[in-house]
Amino acid sequence: MLISEINYMLNLLFIIFLLSYKLLLNKRQTAMMLLSITALFAILYLFRAFFSISLALALVFLLVFTNFYLFTKKWLLSAILLITVYTMNGFIWFITFDFSQLFWTEPPLVLALINILLTVLFSFLIRHLLNRFNFYEMFDHLVKKYYLFSFILVTGLFIVNAIHFFYPWPTTFGSFYSSLIIFLYSTNSIIFTAFFIRSELSQEQLNHLASQADYYHIQAENLHDFKHDYHNILLSLAIHIKKQENDDALNLIKQQTRYFNDNVFHQNETALLKLGVPPIQGLLKLYMEKLDQYNIPYALVVPDTINYVGIDLIDFIRSFTILLDNAFEASLNVPEPFIQVKLTHLDGHLAVVVENQIDPAVAIDTDRVTKKSFTTKAGHKGRGLGILFKIMDRYDNAEAGIQVDKSKFTASFHIYSL
């Protein structure tokens, strides 16, 4: 019995490792998860006389779900990962140890080896399918948290497992039927969730397209009104000039210039519409207002629509804020400041690049500015860039970089495989 329990734990850890490492979690996060689960198994085994099966099952469920949630911050994804892990491990257990009860009272040792080989085979197969169909990426686009849906999925998994373990099945085939119920529940939950997410994403995309259509419709109406007003302005100017009322003509031109400066939609603000992530849109809007307040020229370049960022949104905002703040501080100390903020999304690669002018006479040590303790502001010495690199190091699909070219300082970070 001890061999089968150890086998179950090792298989569970291996499945979690293959479904998480580099696909969802980095090396440190994966190690922390595996160590915490191993510690719980050790505690449950050492004090097994004090734990009922239901309590042990609930604790394992809770720990696995909590670990996934702590590292992904996604309720629904954590629930689905929990179901996937237990479905795979339970199914392999069923076709080896459970099925062997028809032939042996005590399963032979060779079944443990077969069990491990099947675990490796199925784990690599599922990992390949997750990569091929970009399963995890679907959850990055979800806006809602789906607390209730996630709770129902996990509760249902616990109920069908509890029935399997605690109902006094009169025959071995009855126990097999209950295992089949667990498998059917888990697979249907995963399939239903996948279709549900795709439906939600399609609806979000339709809503986004509808909002864009409304915007362009409003812009078309404004353009039509502008065409009419512009005709009247030209007619008024022609009358003033014909009557040699030059002062009135100049006043009219000044009034209209002031109106256009205050009310016509700016090109940089048009670029904001391509950002489908409201917190990032709001951050850039406030930043642009601050640059206008300090009379710092700038350009916002967003060639493509961006609806997701590929990493935790809070980490993205922190990293982006560091780039923007450094560029702003540097621009306060140069005679001809200019800042360019560029966000590009192409072939699953998101690039965030912030460029600003610097004093060519000031030397910048690119190795020093990325150190955590380096906080000097003068001459754009990179306050916060050490934090930026630390944040990017948390992700296997992200990296940060800086570049100095005579009078220009460029700081950026890139996120791959969106």
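A salt bridge is a side-chain nitrogen of Lys or Arg within 4 Å of a carboxyl oxygen of Asp or Glu. In this predicted model, E355 and K408 form such a pair, with their closest N and O atoms 3.9 Å apart. The pair links distant parts of the chain. E355 is in strand β3 (residues 349-357), K408 is in strand β5 (residues 408-415), and 53 residues separate them.

**Salt bridges**

How many salt bridges does the structure hold? There are two. R394 and D315 also form a salt bridge, with closest N and O atoms 3.1 Å apart. This pair, too, ties together distant parts of the chain. R394 sits in the loop between α13 (385-392) and β4 (398-405). D315 belongs to helix α12 (residues 313-331). The two lie 79 residues apart.

The table lists how accessible each partner is.

| Residue | Relative accessible area | Class |
|---|---|---|
| R394 | 31% | partly exposed |
| D315 | 8% | buried |
| E355 | 21% | partly exposed |
| K408 | 28% | partly exposed |

Why does D315 count as buried? Its relative accessibility is 8%, and buried means under 20%. E355, at 21%, counts as partly exposed.

**The chain as a whole**

The chain has 13 helices and five strands. It is 418 residues long, and 39% of them are buried. Take the contacts with a separation of 6 or more: 70% of these join residues 24 or more positions apart. The accessible surface comes to about 24,200 Å². Carbon and sulfur atoms account for 63% of that surface.

**Helix α2**

Helix α2 covers residues 27-46. It has 20 residues and reaches 29 Å from its first C-alpha to its last. That is close to the 28 Å expected at 1.5 Å a residue.

Which residues of α2 are buried? They are Q29, T30, M33, I37, L40, F41 and L44. These residues cover an arc of only 105° around the axis, so they lie on the same side of α2. A general rule helps here. An α-helix has 3.6 residues a turn, so residues three or four places apart point the same way. The face of α2 turned away from the buried side carries the exposed residues K27, L35 and L46.

I43 is also found in α2. It is partly exposed, with a relative accessible area of 42%. I43 helps to make a nonpolar surface patch of about 560 Å². The other members are Y45, L46, F47 and F50. Why can I43 belong to a patch? Patch residues need over 30% relative accessible area, and I43 has 42%.

**Helix α5**

Helix α5 (residues 109-132) has 24 residues. From first C-alpha to last, α5 reaches 36 Å, close to the 34 Å expected at 1.5 Å a residue. Its buried residues include L111, A112, N115 and T119. S123, R127 and L130 are buried in α5 as well. Just after α5 comes N134, which takes a positive phi of about 50°.

**A buried asparagine**

N268 lies in helix α10 (residues 267-272). Is N268 buried or exposed? With a relative accessible area of 6%, N268 is buried. Leaving aside residues up to four places away in sequence, N268 touches M288, Y298, A299 and L300. N268 and M288 are 20 residues apart in sequence. In space, their C-alpha atoms are 8.6 Å apart.

Notes
Residues are numbered from 1 along each chain as its sequence is written. This is a predicted model: local features need pLDDT of at least 70, side-chain atom pairs count only at pLDDT 80 or more; totals for chains, interfaces and linings use all residues. Side-chain values use heavy atoms; hydrogens and water are left out. Helices (H or I, at least four residues) and strands (E, at least two) are DSSP runs, numbered from the N terminus. Buried means under 20% relative accessible area, exposed over 50%, partly exposed in between (1.4 Å probe, protein chains only). Contact means heavy atoms within 4.5 Å. Accessible areas come from the Shrake-Rupley method with a 1.4 Å probe; for residues, only the protein chains shown count as cover. The expected span of a helix is 1.5 Å times one less than its number of residues. Patches are made of residues with over 30% relative accessible area and no salt bridge: like charges are joined within 9 Å, nonpolar side chains (Val, Leu, Ile, Met, Phe, Trp, Tyr) within 5 Å. The arc is that of the directions from the helix axis to the C-beta atoms.
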